[in-house]
Amino acid sequence: MTNKELADLLIPDVDSNIDYYEKLYKPRNVEGIVTRFAPSPTGFVHMGSLLASFIENKAAKDTNGVFYLRIEDTDQKREVENGVQGIIDDLNYFNIDIDEGVVSETEEKGEYGPYTQSKRKNIYRTYAKHLIEEGLAYPCFCSPEEIEETRMIQEKRKVRIGYYGRFAKCRRLTNDEIKEMVEAGKPYIIRFKSHGDYDTKIKINDLVKGTLEFPENDMDIVIIKSDGLPTYHFAHAIDDHLMRTTHVIRGDEWVSSLPLHVQLFETLGFEPPKYAHLSPIMKEEDGKKRKLSKRKDPEAAVSYYNELGIPIEAVKLYLMTVANSNFEEWYLKNPDGKLEDFKFDFKKISSSGALFDVEKLFNISKNYISRLSKDEVYDSLVKWTATFDKEFNEILLNNEEYAKRVFNIEREQAKPRKDYVYYSDIKNQIWYMFEEYFTKFEKNYEWQKITDITEIKNILTTYVDEYLDVNDDKDTWFNKVKQLADKFGYASDMKAYKENPDAYKGNVSDIATIIRVALTTKSQTPDLYEIINILGIDRVKTRINIIK
RNA sequence: GGCCCGUUGGUGAAGUGGCUUAACACACAUGCCUUUCACGCAUGCAUUCAUGGGUUCAAAUCCCGUACGGGUCACCA
């Protein structure tokens, strides 16, 4: 029985015409690099893969290349309902544009499809059949129990575990023996026949890790599973070749299979792509580093940032600092620079796992929001509250101009105020500016040094009766606060106060604080003068009158 | 256990043989400014680059050992 006949027996459903596919998927006519994001359809993207997709997209964009989305759904056990849509939604949320590939649960675009592996079954089988004809692949009838048995023997004898060399039983079967077993109905899978030598060392270059040295692969790994679908390794070689991927960027859990992958490309006659293996994002827990886990760590899910209301731009800025450590410095020098203007560099990717620094992300977010215009803050907040705080959303919509005035306090200046870390934080900072909340919320007046309520009332009513005038400019207003201070025995001159604090009951700041707390209940707020002006005379009076 | 990789401050890191008395950023601390807070400004925060040895006139940077950490060893990706 010839190999050709064997191939027909084993894989009867397709022919072995690989030229058809080589011609169908022509080499791309692009100068830039071609990258892909290739997740399993698990329904969402977590921080690590978001970083990967971000880098893949950036690398392609920087060079006018192509970034495509491929769905790796060869494991039916992993299947999640609407799993593809979830991934696309997360990518869209972060504006990571897909040039090509899967664009929705049912649609694809591009010339190199299908981009969903389960739809490429025939392609893989064609190549597998071709390998069988060439004597480079063979069927394996070993049961899981038999494999387990060999593994135990190998462990006992302290030799390398795996299906290789003399342990590769089915490799030695003759074509006629195979025919007999197939006809007897014995189930089989297809294995790759490795011609590697474990004692030979090979060097493989990785764009992130540098030159890596491994023993050559000699494992006869399975390429077609019993369900007829390919394993990751086989699909990787076929797809990335046929889709003409130039740069494979993926997690570094794959580095150890690099010798296998390179061998697969070589024996299939494909030119291997360039590889960039990314270290996982780590998290520190109990003094130990571990991989950020989507099960244990809420911050691993991208939805976490959405709920918190961190601007997507801020998340991307953070991802960029993680991806390329020199970005931060660049951004400092080019504060108005866009992410697109920064050239991504593979060499600048950290080769060891970075700790996920939420504090830093928050800091970036805070700075980012502080540089937004009042209109941008308003629009973003309206958008965010529309899904996460309906009540606040309505208040904002009904008071657009007013809300913008509030957001603008200490904003349009060289060094704007930085107190909104994320959108969900804004209400906590300025709720008292909205009458709806001020009347509704329980009021905890944070009086500071002066706590005697009679004194407080006295000062406040005097302020309203004798000094309050919303038409005052800032200096006039503050001078009046000083006069008020003097009147009650508080120093209006800070220097004089510091020289002789015992001569006074306190100083202007104590008086300002009383007014501040009376109007807002809080001891820490943005500029008081502006608050008074925005609140307006009536509300100032009402708020002062209700103090008891 | 085998095979790979890594280890610079509380954190992210720059650094690839002399320019390093180790950049920058976050965090933290103190002080100044100030009507509060924030901002801003100033100062402090690794005598040392996991550790032991070696090469060299010279090492965080090169070599070897050790420790610790990570990855991988599926008909999962």
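This dialogue walks through domains, a strand pair and one helix residue in a predicted model.

User: Start with the overall layout. Into which domains is chain A divided?

Analyst: Chain A has domain 1 (3–15 + 121–278), domain 2 (285–370), domain 3 (374–438) and domain 4 (453–545). Note that domain 1 is written as two segments.

User: How many Å separate the centres of domain 2 and domain 4?

Analyst: Take the centres over C-alpha atoms. The separation is 43 Å.

User: Now strands. In which sense do β7 and β8 pair?

Analyst: Pairing is read from bridges, and two strands pair if there are at least two. Here strand β7 (residues 201–206) and β8 pair in the antiparallel sense, over 6 bridges. A hairpin of 3 residues joins β7 to β8.

User: Which residue in β8 stands opposite I202?

Analyst: F214 does.

User: How many residues of strand β8 are buried?

Analyst: Buried calls for 20 or more other C-beta atoms within 10 Å. In β8 (residues 210–215), 0 of the 6 residues are buried. The strand is hardly covered.

User: Move to I456. Where is I456 found?

Analyst: I456 lies in helix α19, which spans residues 453–467.

User: Why does I456 count as partly exposed?

Analyst: Use the same kind of count. I456 is partly exposed because it has 19 C-beta neighbours inside 10 Å, and buried starts at 20.

User: Which residues does I456 touch, leaving out those up to four places away in sequence?

Analyst: I456 touches I450, I514 and I547. Take I547: it sits 91 residues from I456 in sequence, yet their C-alpha atoms are 8.9 Å apart in space.

Methods:
Residues numbered from 1 in each chain as written. Chains lettered and ligands numbered in written order. Predicted model: local features only at pLDDT ≥ 70, side-chain atom pairs only at ≥ 80, totals over all residues. Helix = DSSP H or I, 4+ residues; strand = E, 2+ residues; numbered from the N terminus. Buried ≥ 20, exposed ≤ 12 C-beta atoms within 10 Å, placed from the backbone. Contact = placed C-beta atoms within 7 Å. Domains from an automatic or database assignment.
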